[in-house]
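Please take a moment to look over the model shown below before reading on. The paragraphs after it are meant to be read with the structure in view.

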Amino acid sequence: MRGFTKLIDKMIAVQAEGASMLMILLVIIMCTEVFLRYFLEAPTIWALEFTTFLYGMHFILGYGYTEQFNGHVSVDILSSRLSRKLQDILYVFTTVFISLPVCLLLCIWAYDNALLSTRTLEHSASAWGPSIWPVKLVMAVGFTFLVLQISSNLIKRILQLVHTGDPLNEVPHEP
Amino acid sequence: GTTLAKREKFGADKRHEKVAKLKVDTSDKKHRWKMVMPWSKGLLFYDLAVHFCDTVRLASGGRLIIKPFSAGELIPAMECFDAVAKGSFEAGHDWPGYWQGKDQAFTAFASVPYGLDSELYNIWLYEREGLEMMQELYGQYGLFVLPGGQVGQELGLASNRRAEKIEDFKGLKVRTAGWYMEILNNLGASAVATPGGEIYLSLQTGVLDAAEFSSPAVNWPMGFDEVTKYAIQPGVHQPACQFSFFFNKDAYDKLSDDLKWILDTAAKETQLWSYSWINNLNADAIRRFKDKIEIVRMDDEAIVEFAKTSHLYLEELKKQHAFLKKVLDSQEALKVDFRDWRSSRRGVTPWPIEDVIAGKLYE
Amino acid sequence: MSPELITILMFVVLILFILSRVPLAYALAGTATLFGLIDNGFNVDGLMGMFINNAWGTMNNIVLVAVPLFILMAQLLERSKISDALFDALYILLGGIRGGLGIAVVIVCVILAATTGIVGASVVGMALLAGPKLLEKGYQKTMSAGLICAGGTLGILIPPSIMLVVFGGLTGLKETSVGNLFAAAIFPGLILAGLYLLYVFVICQIFPEWGPGISREEARKYSGHQKLAMVMKSLVPPLILIFSVMGTILGGIATPSEAAAVGVLGAAILAAAYKNLTWKVIRGAGLATLKTTSMVMILVLFGNLFSSTFLFIGGGDVMTDLLIGGDLNRWAVMGIMLGSIFLLGMFIDWVAILLVTLPVYMPISMELGFDPLWFSMLICVILQTSFLTPPFGYSLFYFAGAASKDYTMPMIYKGVMPFILLQIIGVLLCMCFPALVTYLPSLWLK
Ligand code: NA
Ligand code: NA
């Protein structure tokens, strides 16, 4: 089980390195487009749409990564007054019945959506008209990473409840 | 010897034969539908959708209530087609060209550069194979479709650079979308893709020289005249603007016969009303534009150049998209068949009478 | 179930989830799923189809591209340490006055606010930079904490700002375009900064022990000429950044989204000039940007699912009937709307608040004949306040995370109270004098 969570955490961390570079690429493309349009009067027909794809893929691939640090905003008003053990039980309970099923449903239907798009080889409606099914597939992959990371965090928390060990300490430090 | 052919009544309402003996099943069942669309509430197109929903509710005596939702309320603007196809909602309103990425042919049902005008769209859709082809296209996605309003010709470019001759369009940074982007680029202009919300500011600061959006009445609230000097006419990209209502096939099939007739009739009523409504507003809007900006006409040579470039572009597209070819050829055939009637009826354009007496005869 | 009952239940369940410490995003989506399914007769395919369409639409909403760009810019900025030189120079210039160091904090915060679009960087930066100096010089802890939290929060109001970008993207109105919102936010932002300045100055005159001036020897170390030169020099980098964002917009070089990218480029060039643009910095900034962006964007996306479902089940009509149908005075309706946003701001994140309230409140305000830009700006100032209002206030958390452990949470809560009061005064000023909001945009629109 711990091997499984380690594997997932590692995989998400590695894909995040790649995803974070999408924003660098986006900056380069946007600035080049500004230069081409303003100084050379020769804008491209693809830059806006391409940057849109980069922007969307960037944050959707970050969902799992942020979850790794428990970085999605939560409000700790009441629960912090509970004992550590009760907090863990509450976490396991809400994750199993709320967070995980919701993200799993989204993930399944994201694949459903991506498959439909792939099957019909969907293109965008613009003049450039690139294939958009790869981006829809990335959306499904982004939700998959999120589901995997929630599962990993859940397993770690269960292990912590059951064992005396403290696998939560294995959460990597943020950069 | 020769006998004179017997002259019969020239035409007949073909529908009458089909429906004369039709039994219409009615039902007391009540339906509550949701309609999604790409329009925000500020756009006049939203009113088209609302008008249709009103008619359906009243004509059905409340048995079919369709609630319209503007863009972003339930789903983002460009997702309404997929959402209705999927069955998340029962009905949608659109400008078919938005779905060009699914099939280039959709745009042919919306507006084509130098394509059909409103009159010919009506003839093509209702009296020729137009609606049938449209049904075939939408049917592939599990949708039933009806023509859903038209607003006629659009305004040309809102521009800060005066452009009359074809050379003037060289390097002109124009915001537009779809086919027209490539056509403008082929003419030497610089087509720029700009999100709708950033057009105004981009015109104001000079990121853009010009922008194309919609018909005068629809453009008026956008206020582009506040940040541009000219309207470059005519709107060669879009001699008409045709909309459609589309329905999830499963939901549509569950309707009783009379409700289906009501949908059909209400869509036709919307088609009639929208044209009259918007063009009456257009007449007012263009007068207001004239007070604020200069209306510039591109010269005939430029218009011909635009036509040639558009034609070449569409011929290329037709080679790659079989169904688009079928649809555009069918539309072109109507233009050809209509040629003699169009030319013989010329000369009685309804200009004000003193203009006609002064010799202004043609459109 | 009646729409009224469902609407109320939806909020009750949402609050229950939030109190159970379910991350806000999952709480929003979870509530949406539950009630969406109850309302549509458990048509999972239909509801999830709507959700995925919303997700795809959010991925395509390029207006929000400024969100990651502003975050990346702030990340690079933090690593190139331009605020350090500025603060040091102002500290030497103003340190001699009672409360002078506090005034320097506000000025640096305003300049940082004009260069970045988010809150985190300024609060964390000032907590690290000014926090120890304020402690060392004997500034009262509660006031220092409140001042840094409030000052750092100006970044989300004074343009550029991701909040204004998201707001403009959500309304889609010409009046509340991102450009107009940027212009409208300038005076309110400066007025708030002015109120903070005034407060610090006055309170330190009344209670000199709250903010003593620095010693005479220290103040005399530099000549007036030298002091001025230091300030001017330290102002260059932020001015470059302000130009690269606002200048490219006003100069017709770039759209607001593109200007954010140009700003990143500017920040990168500055970092390079300070010899800080290493691979380690780029990688670190990239990962931190990914994390913060996802944190905001999961709320945008999942919050969208909540607001769509809320409107789907007819909650919008229920709220509208309640607010307009009750024959209430229009100012009372306005008070209820703004008050509810203030209350929500104590518990929920600003993005979620915008997504839940805007689709209902914006049409109501227009029906009641309120100027949309003015109304929007009142909301924005209140949302900015939400960063400060306990118990859940981002700025307070950022500060607590970055500042020395001498500052306790109750101390921070207490310290921020006077500034919340100043925020409310700011809102009232904008309410009573709409020109404060509308004047600049009207120049802008000729
Ligand atoms: Na800012
Ligand atoms: Na708060």
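What follows is a walk through two helix pairs and the enclosed spaces of this model, which is a predicted one.

A good place to begin is chain C, where helix 4, covering residues 66–80, packs against helix 13, covering residues 256–273, with the two axes 9 Å apart and at an angle of about 15°. Since angles under 35 degrees count as roughly parallel, helix 4 of chain C is therefore roughly parallel to helix 13 of chain C. The crossing of these two helices of chain C is left-handed. On the side of helix 4 of chain C, the residues in contact include Leu69(C), Phe70(C), Met73(C) and Leu77(C), while helix 13 of chain C contributes, among others, Ala260(C), Gly263(C), Val264(C) and Ala267(C). Taken by class, the residues of this contact are 14 nonpolar and three polar, with no charged residue.

Chain B offers a second pair, in which helix 6, residues 179–186, and helix 11, residues 300–320, have axes that come within 9 Å and cross at roughly 125°. Because that angle falls in none of the ranges for roughly parallel, roughly antiparallel or roughly perpendicular, helix 6 of chain B is described as oblique to helix 11 of chain B. Here the crossing, between helix 6 and helix 11 of chain B, is right-handed. Helix 6 of chain B brings Trp179(B), Tyr180(B), Glu182(B), Ile183(B), Leu184(B) and Asn186(B) to the contact, and among the residues of helix 11 of chain B that meet them are Phe306(B), Tyr313(B) and Leu317(B). This contact of chain B holds eight nonpolar residues, three polar residues and one charged residue.

From the helix pairs we can turn to the cavities. How many cavities of 30 Å³ or more does the count come to? The count comes to five, and the largest cavity has a volume of about 190 Å³. Its lining is made up of 19 residues, and those closest to the centre of this cavity are Glu33(A), Arg37(A), Leu48(A), Ala193(B) and Glu258(C). Helix 13 of chain C, already met in the first pair, returns here, for this helix, helix 1 (2–39) of chain A and helix 2 (47–68) of chain A each supply at least two residues of the lining. Helix 1 of chain A gives the most to the lining of the largest cavity, with four residues. By class, the lining of the largest cavity divides into 10 nonpolar, five polar and four charged residues.

Technical notes: Residues numbered from 1 in each chain as written. Chains lettered and ligands numbered in written order. Predicted model: local features only at pLDDT ≥ 70, side-chain atom pairs only at ≥ 80, totals over all residues. Heavy atoms only, no water. Axes fitted to C-alpha atoms, helices over the stretch in contact; angles between N-to-C directions. Parallel < 35°, antiparallel > 145°, perpendicular 65-115°, else oblique. Left-handed = near helix turned anticlockwise from the far one by under 90°. Contact = heavy atoms within 4.5 Å. Nonpolar A, V, L, I, M, F, W, Y, C, P; charged D, E, K, R; others polar. 1 Å grid on protein atoms, 1.4 Å probe; cavity = no way out; pocket = protein on both sides within 12 Å on 5 of 7 lines; lining within 4 Å. Points joined across faces, edges and corners; volume = space filled by probe spheres on them.
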